[in-house]
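This report examines a single protein chain, part by part. Please keep the sequence and the structure in view while reading.

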Amino acid sequence: MTSKFKSIETKYMETREAALRALAGLNRRDFLRVSTAVLGATLARGIVNPHAFSTIQVANAQAPDKQPFRVAYISDSHLYERKLNDRFINALMRAVDDVNALDPQPDFVLYGGDLAQLGQPKELEIGAQILKNLKAPVRMMVGEHDWYLDLGEKWRDLFGAPTYSFDHKGVHFVVLNSVVEKDFWSERKLSPMQRMQTVAGLDNSVQSPFSVGDEQRAWLTADLGKLPATTPLVVFSHSPLYKLYRPWNFWTEDAEQVQSILNKFKNVSVVHGHTHQLLTNRIGNIHFHGMLSTAWPWPYAPQGLPALTIQMARPDPFNPHDGCGDGTLTVHPDALIDKLYNLWNRNPITISRNYLASKGQKEPPRQPALKSF
Ligand SMILES: [Fe+2]
Ligand SMILES: [Fe+2]
């Protein structure tokens, strides 16, 4: 006998399946057609920029502006080729739809790294193809899953240099490659794929810890050296620029050295990917914001955590996108950020800049009324 009542889980599954069917239908023909049209128009106008590869350019990039502005983020999509797994591809397309639906549009979109799962050209290419459908300009950051098959060759071909800076409405932005590892592969005679798979393992102890490294720290020192200490500064890094949990590489080995370069500034916001969870921390003048993944949520590390802003409910096994999503960052003229976690299938959660600025005393994030949904 079929019950006329549907459980919450059944409704979730039906809604999700319908959404995915719609996206899959769009995906095969329309997405490619739209992408080709966008790319064609961009090439025709001669304005391809490796870090802003849509047709819309960042307006007034140098003009100081005392108004807050909005940046969208999408991160950690971990794409496989479609023939192996299209769930993560559909999830990235869902994020692109979310961002394209924002009104007004964000000034730009930050992609937070780990676009690919195993750094393979086809994984990166399909990711680039999907991201080209974003209406706003895109700023790309690299993650370890993008890098360790060919040491960044394909990623650089598609997106340009992984380390760069730019100014937007009076705020100085820096993008770092924070997943530099020491050579653990040559001595062990690992193939490129063995190297990639070693890095891709969350708790694989053979790999070295991530770092920003001497070369980029020298570049960062020079890049920031010309700026007055009052300059609002936002840094994007794939791994958190602090030491959270070493066994999972939620960790940047030279974090203290990087932090000391940032110390002269009054306020610095660091926005990172890699941890796939709601995560907020503050160390001195530096405010840290973790981004959600579109692919899966990691659990919280069992030790070394900063004070949690809000307990992430445990992932619901009936809901493949539980704990996943995208979000926006409202960047204020003082470089502090109001962060919105757009959790798919749950209520969005906002972390106010005043919460971190007051060391947790003001504007605590709202607790969900129901723990499980
Ligand atoms: Fe990731
Ligand atoms: Fe990562």
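Which residues are the protein donors of the iron ion (ligand 2)?

## The second iron site

The model discussed here is predicted. In this model, Asp114 (OD), Glu144 (OE), Glu144 (OE), His238 (NE2) and His274 (ND1) are the protein donors of the iron ion (ligand 2). They lie 2.2 to 2.6 Å from that ion. Along the chain, these donors follow the spacing D-x29-E-x93-H-x35-H.

The site brings together distant parts of the chain, as the pair Asp114 and His238 shows: the two residues are 124 residues apart. Asp114 belongs to the loop between strand 2 (108-111) and helix 3 (121-131), while His238 belongs to the loop between strand 6 (233-237) and helix 8 (255-262). Both Asp114 and His238 are buried.

## The first iron site

The iron ion (ligand 1) has as its protein donors Asp76 (OD), His78 (NE2), Asp114 (OD) and His276 (NE2). These donors are found 2.0 to 2.3 Å from the ion, and their spacing in sequence is D-x1-H-x35-D-x161-H. Here too a pair of donors links distant parts of the chain, with Asp76 and His276 lying 200 residues apart. Asp76 is in the loop between strand 1 (69-74) and helix 2 (87-100), and His276 is in the loop between strand 7 (268-272) and strand 8 (280-283).

Are Asp76 and His276 buried or exposed? Asp76 has a relative accessible area of 0%, and His276 has one of 1%. The cut-off for a buried residue is under 20%, so residues with such values count as buried.

The geometry of this site is irregular, with angles of 87 to 173° among the 4 donor atoms of the iron ion (ligand 1). A tetrahedral site would need all angles between 85 and 135 degrees; the upper value of 173° at the iron ion (ligand 1) therefore does not fit that description.

## The bridge between the ions

Asp114 appears in the donor list of the iron ion (ligand 1) and in that of the iron ion (ligand 2). This residue bridges the two ions, which lie 3.5 Å apart.

## Surroundings of Lys339

Lys339 is located in strand 11 (residues 337-343). This lysine is buried, with a relative accessible area of 1%. Its side chain reaches the backbone oxygen of Leu279 at 3.2 Å and makes a polar contact with the side chain of His289, also listed at 3.2 Å.

Residues touched by Lys339, not counting those up to four places away in sequence, include Thr280, Gly290, Thr328, Leu329, Ile349 and Ile351. Thr350 is another residue that Lys339 touches. Lys339 and Thr350 are 11 residues apart in sequence, and their C-alpha atoms are 5.6 Å apart in space.

## Helix 2

How many residues of helix 2 are buried? Of its 14 residues, 11 are buried, so helix 2 is largely enclosed by the rest of the structure. Among the buried residues are Phe88, Ile89, Leu92, Met93, Arg94 and Val96.

The length of helix 2 can also be checked. At 1.5 Å a residue, its 14 residues should span 20 Å, and this agrees with the 20 Å between its end C-alpha atoms.

## The chain as a whole

The chain contains 9 helices and 12 strands. Of its 373 residues, 54% are buried. Among contacts between residues at least 6 apart in sequence, 72% join residues at least 24 apart. The chain exposes about 16500 Å², and carbon and sulfur atoms supply 55% of that area.

How values were computed:
Residues numbered from 1 in each chain as written. Chains lettered and ligands numbered in written order. Predicted model: local features only at pLDDT ≥ 70, side-chain atom pairs only at ≥ 80, totals over all residues. Heavy atoms only, no water. Donors = N, O, S within 2.8 Å, 3.2 Å for Na, K, Ca; no water. Tetrahedral: all angles 85-135°; square planar, octahedral: opposite > 155°, others 65-115°. Helix = DSSP H or I, 4+ residues; strand = E, 2+ residues; numbered from the N terminus. Buried < 20%, exposed > 50% of the residue type's maximum accessible area, 1.4 Å probe, protein only. Contact = heavy atoms within 4.5 Å. Polar contact = N/O pair within 3.5 Å; in protein donor to acceptor, adjacent residues only side chain to side chain. Expected span 1.5 Å × (residues − 1). Areas by Shrake-Rupley, 256 points an atom, 1.4 Å probe, with all protein chains shown as cover.
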